[in-house]
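Colleague: Before I plan anything around this protein, could you take me through how its parts are packed, one question at a time?

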Amino acid sequence: MSWVQIVWPMLAAASLTLGLIHALIWIRQRSEPQHLAFACAALSLALLTVLELLALHARTPSELGALIRWMHVPVAVLVASLVVFARLSFGTKYFALAAMALALRLAALVANFTSGPNLNFGVIHEVGRVRWPGDVWVAYPIGAPNPWVILAQVSNLMMAVYMAMILVATLRSAEPQVRRHAVIICGGWLLFIGLMMVSALVMTFNVGKTPFIGTPSFVFVIAAMSYQLGSNLLESNRLAARLRESELARLQGERDLRHAADAAGLGLWSWSIPDDRVVGSYKARGWFSDHDGECELASVMRRIHPNDRPHLRTAIEEAWDSGSFTTTFRLARGEPERWITVTGEMEFDAEGRALAMRGVARDETDSRLSGERFRALLEAAPSAILLVDDAGRICLLNAEAERMFGYAREELLGRDLERLLPQSMRASHVRHRQMYSLGPTKRVMGNGHELRGLRQDGTEFPIEVGLNPVRFGDQTMTLAAVTDTSERRRKDAELSLRRDEVAHLSRVTMLGELSGSLAHELNQPLAAILSNAQAAQRMLLRNPEDLSEIGEILSDIVENDRRAGDVIRRLRTLLRKGAQDMARIDLNDTVRECLRLLRSDLRNREVVVVLDLAPGLPPIEGDAVQLQQVLLNLIFNACDAMAGEEDRHLTLHSLGRRDHVRLTVSDDGPGIAAGMHERIFEPFQTSKPNGLGLGLAICRTIVESHRGRLWAENGAGGRGAHLHIELPAARVE
């Protein structure tokens, strides 16, 4: 099945559906004959689509001629429907022109059935075939044109002129809805008529081997007309519904207003000024009247707190000039104290005399209490709280903000936030604030950068700022919570110092365990130095003139001295006590340095070291001594885990990536017990009889202080442990 056999039936079905829908609408609403005219046009288009599909697949000249003849019937109905639809929609203007076009169309229809195979051709010699996209072949007629076809073309031309004149006349109308309706209807029909004329002429005179094609374009015109009619129908239904709702609202307005006021806790009141009568709803009477009936203004004043009566009288007097007033006062009775807010408007007669005052009263006690509680919480907050508008002005602050920055509240309200920042940060902060206002979110300010505040006396101090957008109606403001981190930083520095001392103690303890191996490392070069020196003495006594061998002996003494010096240098480095000394480090060099220090100990433990170090690792930034301590501790633990094994292999594997470096220390021991993969890094967790359980805890602390991570896992089959160190690569400068 080709796409033509799918599209044309779909277009016919769409037109048929639209026609039936509007036919049903006309049956339900006989006062809208436009729907009937549209239904006739849509049903005719559906029939034209079916005939056109059959013509595209015709095989003989007679079959194709008959199908083209019958196409003129739905075309005539379309023209008649259009004339009726236009007359109903736009009136009888230019209707004579439309009637002439319709008469010519009917004459063309008669000629269609009385002259030749159809109105377009006097004779059809053969059926041509033309290939469309998708390898689809369709038929087109080849023959001599029928001279009577001029009737249809003149009719089409007159219809086009009729539609154009209606469109031009309607566009001058002041009603946008009518203009839009004319553009959709007349413009769509002008498009269809033009396409239909061109298609008929092209087919009749065999120009370009093209069959008659007019349906697809007109289906969209029909759809647009249906949309316009449907929109008008929906709009009329909506207006009718609104009219009914308005009538019901008018009839039930007073009752609904009373119920709404009572439900919202509002009191409606009015004061008739000439006869001094005050009436109100149930709530208002409970607040202002001693009884359920009417009362005088003096009676209302007695229910007001004595201290607030002058303020209320002043507000009423000012309303004589401004026409309205709003004021808040307390009631004279009741515990706890009750606050009422009253809003009123004056009514004047034609001569400007005051007739009445009407308004609404509401209980503001809870909101006042809430405001007082909010203020109490704001003042009790341990952080400095600042409420800032989108222009960067401070609208609210608490007492801690005054204390932290050294300003009085009046000195900061309405001022720019940047005055609380050092001069070096102000320009960049303005840009950041403007960017934040485009998409405010809850977040911590700074993104890892150090923030500093500026006190009134000019001193700077470190701060942390949390931001949270707050909406007040249609305005978004930012709530900033500022914390002075000076004390925290002091404690962090003290804690870091204690941590370094514990790490130093751990290194000293570790070197104490290595004392035997280190002594052996020193004894070997010292013994070699002594032996070489004694040999040199003997040679000098035996033959003082032979100095060639003496030179070789002295070279050996220098080499062994350098070897002993390296051991002592490594010991001094590990025993060094001080703050972190960050530098760019090659992790592979650190591994080799540790293995040189542990060479004798590993030989004594019969541990075979397997090095799998990736070349060209990116450098890391860290403290070489602390990282050596971590690596030594992991190697010691691995050797202790393999103490009971026959084959002892220690594997050190390094791996580099663009943004991080990973080192893995693996052993052939029994592995880590289930559930202990994280607990081994907790303080005082150890499986050694004489261990304190601080080694791995210190290692993790050191790694995390280098912005890295340390974790453990077992090898394949649960045998052996893998300790992974991952550290970020140093920033490229």
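Colleague: How are helix 18 and helix 20 oriented to each other: parallel, antiparallel, perpendicular or oblique?

Modeller: In this predicted model, the axes of helix 18 and helix 20 come within 10 Å and cross at roughly 55°. Angles under 35 degrees would count as roughly parallel, and those from 65 to 115 as roughly perpendicular. The angle falls in neither range, and therefore helix 18 and helix 20 are oblique.

Colleague: Which residues of helix 20 does helix 18 meet, and how does their contact divide by class?

Modeller: From helix 18 the contact takes in Thr590, Val591, Glu593, Cys594, Leu595 and Leu597, which meet Gln628, Leu631, Leu632 and Ile635 in helix 20. The crossing of these two helices is right-handed. By class, the contact of helix 18 with helix 20 comes to seven nonpolar, two polar and one charged residues.

Colleague: Which residues have the most contacts inside the largest nonpolar core, and which element gives the most to this core?

Modeller: The largest nonpolar core has 41 residues, and those with the most contacts inside it are Leu602, Leu631, Leu634, Ile635, Leu650 and Leu652. At least two residues of this core come from each of several elements, including helix 18 (587-597), strand 17 (649-656), strand 18 (660-666) and helix 21 (695-705). The element that gives the most, with nine residues, is helix 20.

Colleague: What is Leu650 in contact with, leaving aside its neighbours within four places in sequence?

Modeller: Leu650 is among the residues with the most contacts inside the largest nonpolar core. Leaving aside neighbours within four places in sequence, Leu650 is in contact with Leu602, Val607, Val608, Val609, Val610, Ile635, Ala638, Met642, Val665 and Ser666.

Colleague: How are helix 2 and helix 3 oriented to each other, roughly parallel or roughly antiparallel?

Modeller: The axes of helix 2 (residues 34-56) and helix 3 come within 8 Å and cross at roughly 160°, and helix 2 passes helix 3 in a left-handed crossing. The residues of their contact divide into 21 nonpolar, four polar and one charged. Since angles over 145 degrees count as roughly antiparallel, the orientation of helix 2 and helix 3 is therefore roughly antiparallel.

Colleague: And how does helix 3 lie with respect to helix 5, roughly parallel or roughly antiparallel?

Modeller: Val79, Leu82, Val83, Ala86, Arg87 and Phe90 in helix 3 meet Met159, Tyr162, Met163, Ile166 and Thr170 in helix 5, and the contact has nine nonpolar, one polar and one charged residues. The crossing of helix 3 and helix 5 is left-handed. The axes of helix 3 (residues 61-90) and helix 5 (residues 149-171) come within 12 Å and cross at roughly 20°. Helix 3 is therefore, with respect to helix 5, roughly parallel.

Colleague: Does Leu151 count as buried or exposed, and which residues does Leu151 touch, not counting those up to four places away in sequence?

Modeller: Leu151 lies in helix 5, and because its relative accessibility is 18%, Leu151 counts as buried. Leu109, 42 residues apart from Leu151 in sequence, is 9.1 Å apart from Leu151 in space, C-alpha to C-alpha. Not counting residues up to four places away in sequence, those that Leu151 touches are Leu104, Ala107, Ala108 and Ala111.

Colleague: For the protein as a whole, what percentage of residues count as buried?

Modeller: The secondary structure of the protein comes to 21 helices and 20 strands. Of its 733 residues, the part that counts as buried is 40%.

Conventions. Residues are numbered from 1 along each chain as its sequence is written. This is a predicted model: local features need pLDDT of at least 70, side-chain atom pairs count only at pLDDT 80 or more; totals for chains, interfaces and linings use all residues. Side-chain values use heavy atoms; hydrogens and water are left out. A nonpolar core is a set of buried Ala, Val, Leu, Ile, Met, Phe, Trp, Tyr and Cys residues joined through side-chain atoms within 4.5 Å. Buried means under 20% relative accessible area, exposed over 50%, partly exposed in between (1.4 Å probe, protein chains only). Helices (H or I, at least four residues) and strands (E, at least two) are DSSP runs, numbered from the N terminus. Contact means heavy atoms within 4.5 Å. Axes are lines fitted to C-alpha atoms, for helices over the stretch in contact, and angles run from 0 to 180 degrees between N-to-C directions. A crossing is left-handed if the near helix is turned anticlockwise from the far one by less than a right angle, and right-handed if clockwise. Ala, Val, Leu, Ile, Met, Phe, Trp, Tyr, Cys and Pro count as nonpolar, Asp, Glu, Lys and Arg as charged, and the others, Gly among them, as polar.
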